[in-house]
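This report describes the fold of one protein chain, from its overall make-up to selected strands, loops and helices. Please examine the sequence and the model before reading on.

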Amino acid sequence: MINTLLQEQSIQIVLVDVGASGEPPTIWKQIGTQAIYVGFDPDEREMREIHSDLFAKHIIINQAVMPSAGDVTFYLTQSPYCSSTLEPYLEKLQDYIYSDLFVVTDQTTVPATTLDDVVTSYNLGQIDWLKTDSQGIDLQIYKSLSESLQNKVLAIDVEPGLLRAYKGEDLFPEVHLELLNNGFWLSDLETRGTTRMTRQSLHTLKLDEELIKKASKMAPGWLEARYLRTLDWLQEQGMGQREYIVLFVFALLDGHLGYGLDIMRQYQQLFGRDIVSQRAIAYTRNQIEQRAVYKPQKPSIAQRVKNKLKYILT
């Protein structure tokens with residue numbers, strides 16, 4: 001229904017992936033046929049081909065994205081996923097087992113562009129969903145957008161740090177506060193991290209790294225956070241039907257069915273009870289009923305104890 005809705009309204013969504021090592025976000029694949037995908041990554045060691053039939057149009061740009069265009073120093077690290085335009089802060093990382101991934105193996109100069117320039121060059125019009133894994137400058141990249149383009153972003157995925165892994169890095173508290181103050185709400189949050197242990201201890205004690213990782217508790221190191229626009233912000237900005245429909249689609253993709261209904265209720269107040277809103281509401285209510293019925297329930301504590309005893313005794 002989601003793709004049909006976008007197709008019938010002639011809506012093509014613009015998805016921008018800054019730091020596109022690996023595959024595009026799985027959540028985007030559901031709307032790929034109605035989307036333009038733009039991926040950036042100056043570290044080509046981990047770039048993969050994007051299947052041409054996955055998105056209506058795909059653009060891969062092997063340049064860095066920065067607040068201003070021009071050549072920039074790029075730090076190539078042991079792990080391509082840790083490479084950045086910011087220098088790794090190894091002194092802050094030495095207490096963590098993954099510190100070797102941030103060791104700089106080479107420095108190079110790469111051309112940098114801005115998101116504004118790319119939107120203009122490729123005649124994109126707007127960025128609907130911005131995903132940025134820029135290793136430290138997620139907030140700087142968002143704030144570098146012109147005000148008109150900032151206002152058109154309806155969803156944003158960021159990966160801010162909790163440690164200071166890079167010099168001059170945007171950390172989660174400042175990223176979170178800035179986005180809340182700019183009309184977003186936090187819709188999803190995943191904690192990522194690693195083992196708190198020096199590599200010196202690992203080598204001195206001759207321990208197996210994988211065993212340590214499996215046995216030890218994870219120390220939080222960074223977050224994967226998603227933000228969606230608030231309805232108050234949409235109304236204050238005088239957004240049109242397209243923005244409400246796209247935000248509704250994003251809410252459903254992210255599993256926020258109740259918020260999807262909120263969006264459509266406000267849509268009806270502003271634009272009337274048209275066939276689009278009626279079908280969207282009916283579809284969402286059906287999804288709620290289906291998921292409520294078939295969603296697997298976690299076993300109770302008593303049931304888990306019973307299952308454990310049954311396992312031990314058999």
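Of the 314 residues of the protein chain, 47% count as buried. The model is a predicted one. The chain contains 13 helices and 10 strands. Its exposed area is about 16300 Å², and carbon and sulfur atoms supply 49% of that area. Among contacts between residues at least 6 apart in sequence, 68% join residues at least 24 apart.

**The seven-stranded sheet**

Seven strands make up an open sheet with mixed pairing, and their order is β3-β2-β1-β7-β8-β10-β9. Strands β3 (57-61) and β9 (184-195) stand at the edges with a single partner strand each, so one side of each is left without a neighbour in the sheet. From one strand to the next, the twist averages 10°. Helix α6 (residues 172-180) packs on this sheet and touches β8, β9 and β10; the direction of α6 makes about 170° with that of β9.

In general, the strands of a sheet pair through backbone hydrogen bonds, either parallel or antiparallel. The table lists four pairings found in this model, including one from the second sheet described below.

| Strand pair | Sense | Bridges | Residues opposite each other |
|---|---|---|---|
| β1 and β2 | parallel | six | Ile13 and Ala35 |
| β1 and β7 | parallel | four | Asp17 and Lys131 |
| β8 and β10 | antiparallel | four | Ile156 and Tyr227 |
| β5 and β6 | antiparallel | eight | Leu76 and Asp106 |

Is strand β1 enclosed or open to its surroundings? Six of the six residues of β1 (residues 13-18) are buried, so the strand is largely enclosed by the rest of the structure. In a regular strand, the side chains alternate between the two faces of the sheet. In β1, Ile13, Leu15 and Asp17 point one way, while Val14, Val16 and Val18 point the other way, and all are buried.

**The second sheet**

Three further strands form an open sheet of mixed pairing in the order β4-β6-β5. Here the edge strands are β4 (64-65) and β5 (70-77), each of which pairs on one side only.

**The nonpolar cores**

The largest nonpolar core holds 48 residues; Val16, Val38, Phe40, Leu115, Leu130 and Ile156 are those with the most contacts inside it. Strand β10 gives the most to this core, contributing four residues. One of the core residues, Leu115, is in contact with Val16, Val18, Phe40, Val65, Ile127, Leu130, Ile141 and Leu145, when neighbours within four places in sequence are left aside. A second, separate core of 40 residues includes Leu54, Phe248, Ile263 and Met264.

**Two buried loop residues**

Buried residues also occur in loops, as two examples show. Val153 lies in the loop between α5 (147-150) and β8. Its relative accessibility is 0%; because buried means under 20%, Val153 counts as buried. Which residues does Val153 touch, not counting those up to four places away in sequence? They are Ile127, Asp128, Leu130, Tyr142, Leu145, Phe184 and Arg229. Val153 also illustrates how folding relates distant parts of the sequence: Val153 and Leu15 are 138 residues apart in sequence, and their C-alpha atoms are 9.9 Å apart in space.

The other example, Ser99, is found in the loop between α2 (90-93) and β6 (104-113). Ser99 has 13% relative accessibility and therefore counts as buried. Apart from its neighbours within four places in sequence, Ser99 is in contact with Leu90, Leu93, Gln94 and Arg199.

**Helix α11**

Helix α11 comprises 15 residues (residues 257-271). At 1.5 Å a residue, α11 should span 21 Å, and its end C-alpha atoms are 21 Å apart, which agrees. The buried residues of α11 are Leu257, Tyr259, Gly260, Ile263, Met264, Gln266, Tyr267 and Gln268. An α-helix has 3.6 residues a turn, so residues three or four places apart point the same way. Two of the buried residues of α11, Ile263 and Met264, are included in the second nonpolar core. Gly272 follows α11, and its phi is positive, near 95°.

Conventions. Residues are numbered from 1 along each chain as its sequence is written. This is a predicted model: local features need pLDDT of at least 70, side-chain atom pairs count only at pLDDT 80 or more; totals for chains, interfaces and linings use all residues. Side-chain values use heavy atoms; hydrogens and water are left out. The expected span of a helix is 1.5 Å times one less than its number of residues. Buried means under 20% relative accessible area, exposed over 50%, partly exposed in between (1.4 Å probe, protein chains only). Two strands pair if DSSP finds at least two bridges between them. Axes are lines fitted to C-alpha atoms, for helices over the stretch in contact, and angles run from 0 to 180 degrees between N-to-C directions. Contact means heavy atoms within 4.5 Å. Accessible areas come from the Shrake-Rupley method with a 1.4 Å probe; for residues, only the protein chains shown count as cover. A nonpolar core is a set of buried Ala, Val, Leu, Ile, Met, Phe, Trp, Tyr and Cys residues joined through side-chain atoms within 4.5 Å.
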